[in-house]
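The following paragraphs are meant to be read with the sequence and the model side by side. They go from a single pair of residues outward to the chain, and then to its cores and its charged pairs.

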Amino acid sequence: MLPSEQDQFLSYNGEVLVFQLSKPKHAEEADDETMNLCVRRMVFNRDTKLFVQKSSGVFSMGSSHSKIEMICCGCTTDSRTGIILPCILMKKKKRNNIKYFLLLLHSSNQFEPSFYFKLDYELKEDIKLFAGPSLLWRRAHKLFYISSNTCVVQSAPVQLSSVVWTGEIVGEGTVVLGIRTACLPETEHPDGFSLSDRAIWGGEFFGYVIQTQKILTGTCFMPHAYSRVVSSVYICKTERLKKQLRISLVAITHKNQLIWFQNGVPKGVCELPYEKPCTVKPALTSSNDLLFVVSFASGNSCVVQRRDSLQVASKWQKVKCVLVDDFIGSGSEQLLLLFKDDSNTDVLSTFKITDLGEVNYASGINYKHDVPAAEGLQENGLLTVRALETRLQAGWTSVRELQQHLGLQKRVILESCRALIDLVEERTHILPNSREVKCRRWEGLVSLWDDVENPAESLSKEASLASQVPEHFREELWQRVVGDSLVVGVKLTESFYLSLSDVSLSLVMDQDFSSVSPIIKCQSKIIKLNKAFSALAVSSSQIEPPPKKMKLDLPSKNDLKKTFPMRSSRIQLDGAKTVTAVTSLSPLLAFHRVCCAVLLHARKQNHQKDGLQQSKKITVLCGKILLSLEDISNGRYSVKMLRDNSYCTGSMEDILAVLAVSVRFSFQIVSCDCTLTPVSSWLLGEMECTPLKECQDHVFCHKAGNVHGTIFNWALKNPFEGVLTIFCRNLTVLFQCLHSLTRVLPPSCSVKLLRSGSKGVLTEQLALALEKEILTLKNSLFLKETKPENSLTWGNESGKKINNAPLASLLDTEEGVQQFRKKLQNEQEECVRSMNQTMNGALYQKIALKIAEAQLSSDMIVWRLA
């Protein structure tokens with residue numbers, strides 16, 4: 001069959017489909033009014049490096065003095081099955097009657113007529129196939145489309161001069177990207193382009209959603225200034241981020257350029273080597289390189305590579321067609337270039353397959369007669385396969401060992417969680433004995449308990465420790481829901497809290513889920529409330545750097561003076577302490593109804609005679625909380641911060657919940673020229689803040705938008721200096737607040753980010769911490785338990801008296817020199833004995849722990865001073 005100019009080529013699942021129109025052979029001399037549409041499925045043979053025919057199919061059409069033509073072809077989604085199928089648009093013209101019909105090609109090479117329609121004009125401009133199958137075209141600045149669902153030609157209520165792209169966009173459906181004459185409304189749209197620029201360029205981009213007849217703003221695709229030069233577009237990626245459409249695309253222009261746009265902003269440009277570019281399509285190669293194939297009206301093609309910048313990687317001339325697919329079955333895409341060759345009758349005789357890397361096949365090379373090279377390649381391939389099989393087997397063995405290790409780790413964690421739950425609920429937990437350990441040695445388990453130790457003694461020790469906890473150690477247990485976070489709070493009595501350090505909460509699910517760890521990941525914060533509710537604070541001795549533990553410090557202008565009036569009472573404040581735990585709510589709601597035990601972890605301090613403190617770890621059950629999806633839906637635990645006259649109502653638990661999920665930032669604001677009265681006006685005016693009824697030093701923001709729910713504290717040191725503390729959900733809200741604040745502050749104001757704590761108080765704390773650290777080191781070095789090796793005595797205590805005669809008289813005689821030498825040897829031995837002091841392991845562990853605690857305290861204060 002001779003190639004024709006009307007032949008259509010299409011790539012589908014690594015195959016090349018060749019569509020051709022011809023008359024039946026038996027009717028060449030007869031007057032048979034029949035025309036056949038033939039399809040040939042061609043696949044690439046990696047042995048012969050040639051395209052061979054896999055199968056073929058025929059669709060017969062009655063011509064009846066009509067002229068039949070192929071208009072275009074493509075791959076579209078069949079709406080009935082969701083399968084992508086080859087589709088071809090046919091035209092049958094008889095005088096002034098023009099009939100168009102769409103055919104679908106199935107895997108059995110059977111053609112299925114999808115729909116047909118009649119027009120009194122020919123389709124010439126911007127013909128596009130899309131899902132359905134559906135068809136759209138442009139005529140006289142109007143957009144028409146038809147789908148297999150309606151089979152009726154419809155007109156879109158838009159005017160456009162060209163269609164540059166048609167396809168699917170996430171959350172919208174089928175979108176047509178076009179160019180139209182700029183519409184200049186009377187008022188400026190906030191999301192649109194400026195009226196002056198649109199008037200200058202005379203055109204604008206816009207997106208039209210076919211299903212909903214919605215108009216999308218063109219500036220999310222590219223600026224309107226490009227409307228006069230862009231001829232074709234390919235959208236690479238679309239996504240929605242916070243209800244905003246984000247688009248990445250490439251466009252070719254009449255100025256022979258390819259431009260990369262990211263979210264409406266040009267990010268790169270490349271000069272094309274030929275004139276009149278027509279289409280652009282992408283290709284993803286084996287090396288993850290993104291290529292853009294550009295075809296030109298002259299029959300030339302080029303490839304633009306996108307790495308650090310856009311650049312032309314290769315170009316070809318006299319190209320009939322360029323297809324993109326996985327033709328060699330390597331798992332990545334390659335380019336198939338079909339060249340124009342009048343001397344050959346085969347449609348796939350002159351071609352080139354390449355990915356601009358390792359893959360490079362071309363026609364005209366005789367691979368069959370290259371026998372030695374083929375044998376060498378086969379032998380190398382066999383060795384490579386064996387090596388890969390060995391590596392695969394080793395990798396599979398490693399995967400199985402890792403799976404066994406993960407399974408064992410999961411069982412150990414679950415057993416530890418059960419032991420923890422039994423401990424806090426005062427149930428006896430049976431520890432694994434030596435027989436169970438021996439049975440599990442094939443798993444690699446090692447007992448963490450001594451076989452000779454009596455488990456009852458261990459439990460009695462824990463019981464005696466738990467008995468030291470007062471019966472009424474907590475005042476209240478509460479829970480709140482703030483956004484996607486669950487906040488659990490425990491209000492502790494003042495007397496109990498003052499004896500604790502390193503306080504935190506944890507949540508443990510009471511149900512026995514075999515596949516889920518019962519420990520819930522959460523974040524603890526410590527909040528201190530004064531009884532008068534005039535301020536919120538936290539004991540600074542409990543603050544640690546952010547990587548270790550995050551705690552909340554909410555100082556007012558007089559808090560530090562109240563907190564540290566003298567050394568002996570620097571942490572004794574009026575009021576109670578509240579410890580909160582914040583965790584993600586959505587994973588818990590997956591269980592619909594869950595019960596959690598609330599555990600308090602801390603170190604209890606015991607004062608010793610030597611002035612040092614001995615701490616013991618304690619774990620106390622504070623109670624249980626019940627969480628259900630029904631309660632959350634009914635708003636039972638929701639935070640209610642409502643505006644009542646000039647105050648913001650809300651319980652103290654609501655305030656603490658909001659503060660627990662917020663991040664605290666303090667800023668020192670200093671003005672040299674004028675007073676800082678605009679800050680108060682800004683809080684009460686533009687930010688729409690009202691004081692919290694339970695804590696009037698803090699104001700709650702009622703302004704609509706992201707800043708709603710932000711809490712502020714404004715403390716004036718003098719009319720020209722103050723500290724603004726902001727409690728916000730995230731950094732975005734913080735930047736919005738600061739941006740709004742800087743617009744009302746005088747230009748001479750300086751805003752500085754502060755860390756919690758006063759420099760003078762922290763300096764005093766550092767001196768006390770260093771003093772304690774030195775005393776700890778001194779007491780540790782001169783303990784009575786330390787003794788020299790072999791109980792040898794030091795110095796002159798050996799019982800042997802040495803004559804302390806003058807050095808000159810000793811060196812005058814031989815006997816004096818011997819005596820001096822002996823004295824020197826004794827001193828050397830004493831030095832060696834003094835360096836060989838020993839102590840037992842338990843004593844060394846105790847000393848190291850005390851020193852580490854003292855050093856950690858001073859390190860934390862130094863970090864806060866930095």
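A convenient place to begin in this predicted model is Leu337, whose bridge partner in β27 is Lys352. That bridge belongs to the pairing of strand β26, which covers residues 334–339, with strand β27, which covers residues 351–354; the two run in the antiparallel sense and are joined over 4 bridges.

Seen in its wider setting, this pairing is part of an open sheet of 4 strands, arranged in the order β25-β26-β27-β28 with antiparallel pairing. The edges of the sheet are taken by β25 (319–325) and β28 (360–362), and because each of them has a single partner strand, one side of each is left without a neighbour in the sheet. From one strand to the next, the twist averages 10°. As a general matter, strands of a sheet pair through backbone hydrogen bonds, either parallel or antiparallel.

From this sheet one may step back to the chain, which has 866 residues, 42% of them buried, and which contains 15 helices and 47 strands. When contacts between residues at least 6 apart in sequence are considered, 54% of them join residues at least 24 apart. The accessible surface of the chain comes to about 48,600 Å², and carbon and sulfur atoms account for 52% of that area.

Which residues have the most contacts inside the largest nonpolar core? They are Leu486, Leu492, Val598 and Leu600, within a core of 30 residues. The elements that each give two or more residues to this core are the strands β30 (485–492), β31 (500–509), β35 (576–584), β36 (593–607) and β37 (613–628), together with the helix α5 (494–497). A second core, separate from this one, has 24 residues, including Leu676, Leu683, Val707 and Leu724. In soluble globular proteins, nonpolar side chains tend to be buried together.

The charged side chains offer another way through the model, which has a count of 18 salt bridges. Side chains of opposite charge can pair when their charged atoms come close. Glu69 forms one such salt bridge with Lys91, with 3.5 Å between the closest N and O atoms; Glu69 lies in strand β5 (residues 67–77) and Lys91 in strand β6 (residues 84–94), so that the pair, 22 residues apart, links distant parts of the chain. Are these two partners buried or exposed? Glu69 has a relative accessible area of 15%, and because buried means under 20%, Glu69 counts as buried; Lys91, with a relative accessible area of 5%, is likewise buried.

Lys91 also forms a salt bridge with Glu122, where the closest N and O atoms are 3.2 Å apart. Here the link runs from strand β6 to the loop between β8 (111–119) and β9 (125–130), where Glu122 is found, and the two residues are 31 residues apart. Glu122 is partly exposed, at a relative accessible area of 28%. These three residues belong, with Lys67 and Lys93, to a network linked by salt bridges.

A further salt bridge joins Asp126 and Arg138, whose closest N and O atoms are 2.6 Å apart. Asp126 sits in strand β9 and Arg138 in strand β10 (residues 134–139), 12 residues apart, and this pair too links distant parts of the chain. Arg138 counts as buried, with a relative accessibility of 11%.

Technical notes
Residues are numbered from 1 along each chain as its sequence is written. This is a predicted model: local features need pLDDT of at least 70, side-chain atom pairs count only at pLDDT 80 or more; totals for chains, interfaces and linings use all residues. Side-chain values use heavy atoms; hydrogens and water are left out. Two strands pair if DSSP finds at least two bridges between them. Axes are lines fitted to C-alpha atoms, for helices over the stretch in contact, and angles run from 0 to 180 degrees between N-to-C directions. Buried means under 20% relative accessible area, exposed over 50%, partly exposed in between (1.4 Å probe, protein chains only). Contact means heavy atoms within 4.5 Å. Accessible areas come from the Shrake-Rupley method with a 1.4 Å probe; for residues, only the protein chains shown count as cover. A nonpolar core is a set of buried Ala, Val, Leu, Ile, Met, Phe, Trp, Tyr and Cys residues joined through side-chain atoms within 4.5 Å. A salt bridge is a side-chain nitrogen of Lys or Arg within 4 Å of a carboxyl oxygen of Asp or Glu.
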